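Please look over the model below before reading my notes. The points cover domains, symmetry and the chain contact.

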There are 2 protein chains.
Amino acid sequence: MNLDAQILTALRSTPMGISGADLAARLGVTRAAVWARVEDLRRIGYLIEATPHRGYQLVQAPDALHADDLLSRMAGTENIGRSFRVFEETASTNDLVERLARDGAPEGLVVFAESQRQGRGRLGRVWFSPARKGLWFSVLLRPALAPQAITRLTVFAAVAVARAVARVTGLRVDIKWPNDLEVAGRKCCGILTEMNAEPDRVRYAVLGVGLDVNQVAEEWPDALRKTATSLRMAAGRSWDRAELAVEVLRDLDADYRRLQRGVFEEIADEWESACSTLGRDVTIRIGERRVRGRAESLDSDGALLVRTEHGHLERITGGDVEVDKT
Amino acid sequence: MNLDAQILTALRSTPMGISGADLAARLGVTRAAVWARVEDLRRIGYLIEATPHRGYQLVQAPDALHADDLLSRMAGTENIGRSFRVFEETASTNDLVERLARDGAPEGLVVFAESQRQGRGRLGRVWFSPARKGLWFSVLLRPALAPQAITRLTVFAAVAVARAVARVTGLRVDIKWPNDLEVAGRKCCGILTEMNAEPDRVRYAVLGVGLDVNQVAEEWPDALRKTATSLRMAAGRSWDRAELAVEVLRDLDADYRRLQRGVFEEIADEWESACSTLGRDVTIRIGERRVRGRAESLDSDGALLVRTEHGHLERITGGDVEVDKT
């Protein structure tokens with residue numbers, strides 16, 4: 001952790017304030033060094049009060065993501081969130097992470113962008129990513145998985161993000177197979193898994209998450225207004241994005257460990273109870289083909305098992321799922 | 001096709017010679033332009049004679065790969081070999097093609113390197129790629145395949161390369177599942193398939209081929225001396241690499257079309273008759289696990305079906321296959 005991250009960690013652990021001398025001693029630097037870093041943190045929006053009585057006190061963090069700050073709040077995670085990069089704007093965080101992966105970046109790297117010019121959804125679709133309204137990020141993973149099991153990554157991520165969002169906001173969050181989260185019947189989050197693989201092993205995977213946090217109704221393009229929502233619209237209040245990011249990443253880290261330990265069944269069980277697709281009649285479009293039937297369960301690789309009109313069980317790994325109106 | 005490629009095409013189609021005036025007229029340029037390009041081609045090693053009697057005549061091409069020349073000899077192909085790049089040296093042609101794929105390069109692009117510093121084999125192994133001794137190249141494909149079916153690419157490529165090499169050299173070429181070609185029981189070619197994919201579709205695949213052509217016995221590192229061979233060592237003569245490249249690429253193009261038309265069974269049949277692994281007792285190491293049994297056939301996704309010691313059929317998509325000594 002660099003000095004900024006250490007200062008923020010120390011300030012968060014001393015909400016009643018800490019003297020400049022104590023802070024400097026704790027971090028093993030001079031008081032002048034602490035003062036200079038605090039000045040810089042203030043410049044980027046951290047409200048840090050300094051009184052002779054209480055010393056330094058973190059009163060408010062800015063509505064901006066800050067790599068050192070995120071790192072300082074992720075202590076104790078094992079894989080995901082051991083390193084961060086935050087960009088003001090990029091084409092696509094998934095593309096960025098892929099480039100970094102190729103150059104040998106470590107597993108668990110998380111890249112945020114405050115906005116994306118060409119955020120991507122599944123099947124080459126666009127993901128609308130306006131500045132500072134949501135969490136647009138990608139995580140680099142190097143899982144010991146065969147390409148056939150890659151859907152497990154989408155499944156574990158959906159479970160983790162849904163749980164964290166529900167815990168922070170109190171909203172009920174549904175999973176729509178394979179990669180969407182919904183609140184009140186509208187999409188608020190998409191998960192895009194991409195991999196670089198040989199036929200028998202994944203070299204690396206990039207988990208992209210787009211979570212709509214603080215948009216209001218008027219901020220959506222027309223095409224999305226009827227189907228999309230944000231946590232703010234659903235809950236009637238705005239949310240601290242950095243706090244939400246930390247919670248989501250903590251759950252991702254914990255569930256990724258579960259996945260690596262080989263207990264995918266636990267994750268699949270949790271997925272099944274949060275999934276709004278299961279037990280419903282669905283129509284799945286896969287290119288030109290349509291499959292109709294009842295979504296029954298998830299298999300051990302994360303594929304959706306659908307009992308078709310003709311009575312046999314079909315294994316669905318992709319395509320567009322629509323839940324039939326009843 | 002640029003002017004160099006057009007000149008080489010014209011010279012190849014007129015082995016008895018063509019006058020400067022005719023050549024210029026055919027290509028719609030001045031005689032001076034033809035003369036300048038011929039001079040350049042001579043400088044890079046093309047032996048082009050010019051006599052008042054016969055005009056220009058291509059006597060010999062250099063033992064070097066040349067993008068324009070390869071292109072001029074690939075007329076009529078539909079996908080593979082519609083564009084070429086040749087590098088004197090690169091780290092890995094697969095890496096290069098992946099970068100170009102990311103930037104939107106078209107399907108069918110072929111990248112050769114005269115030598116690779118870090119040629120890669122399967123499972124992260126090194127592929128020894130000495131300068132001008134073999135064909136080290138990668139092909140960009142954008143197939144309409146699910147990631148689950150990616151092994152089909154390795155299979156179709158093995159069939160195509162084996163057939164072309166056998167035709168040109170007269171050698172008997174065996175396929176060893178999944179990605180090696182052997183002559184006289186020794187490895188002479190490896191095929192490395194890599195993909196960039198979402199869970200339900202391949203965005204692009206890179207087919208890497210390393211074909212050992214003109215090495216002699218002393219040129220191998222110790223570690224490979226017992227298991228590797230070149231076409232020269234097996235046949236007792238050296239081979240024109242450009243000619244071999246063209247033949248291999250033509251077969252790759254034709255078989256890729258077959259794959260796209262959905263007639264994988266034809267390819268699988270051909271694979272099965274060339275495969276030295278089938279019908280043999282094998283031991284397969286997949287990470288820490290070992291599977292022993294008899295290699296029975298290929299399934300519709302290109303996986304190897306092995307009847308295990310315990311009598312059930314196991315589907316193998318990766319790992320190291322060793323044929324048991326009998």
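**Notes on the predicted model**

1. The C-alpha centres of domain 1 and domain 3 of chain A are 55 Å apart. Chain A is divided into domain 1 (3-60), domain 2 (67-274) and domain 3 (281-323). These bounds come from an automatic or database domain assignment.

2. On conventions: this is a predicted model, where local features need pLDDT of at least 70, side-chain atom pairs count only at pLDDT 80 or more, and totals for chains, interfaces and linings use all residues. Residues are numbered from 1 along each chain as its sequence is written, while chains are lettered from A and ligands numbered from 1 in the order in which they are written.

3. A turn of 180° and a shift of 0.1 Å along the axis lay chain A on chain B with an RMSD of 0.1 Å (least squares on C-alpha atoms of residues with pLDDT of at least 70 in both copies). The two copies are therefore related as by a two-fold rotation axis. In chain A, the C-alpha of A:Asn196 is nearest the axis, at 2.3 Å.

4. Chain A and chain B each give 19 residues to the contact (C-beta atoms, placed from the backbone, within 7 Å). On the chain A side, α6 (151-169) and β8 (186-198) each supply at least two residues. The largest share, six residues, is from β8(A). Helices (H or I, at least four residues) and strands (E, at least two) are DSSP runs, numbered from the N terminus.

5. 100% of the interface residues of chain A are also interface residues in chain B, so the copies meet through the same surface.

6. β8(A) pairs with β8 (residues 186-198) of chain B in the antiparallel sense, over three bridges (pairing needs at least two DSSP bridges). A:Asn196 has B:Asn196 in β8(B) as its bridge partner.

Notes
Two residues are in contact if their C-beta atoms, placed from the backbone, lie within 7 Å.
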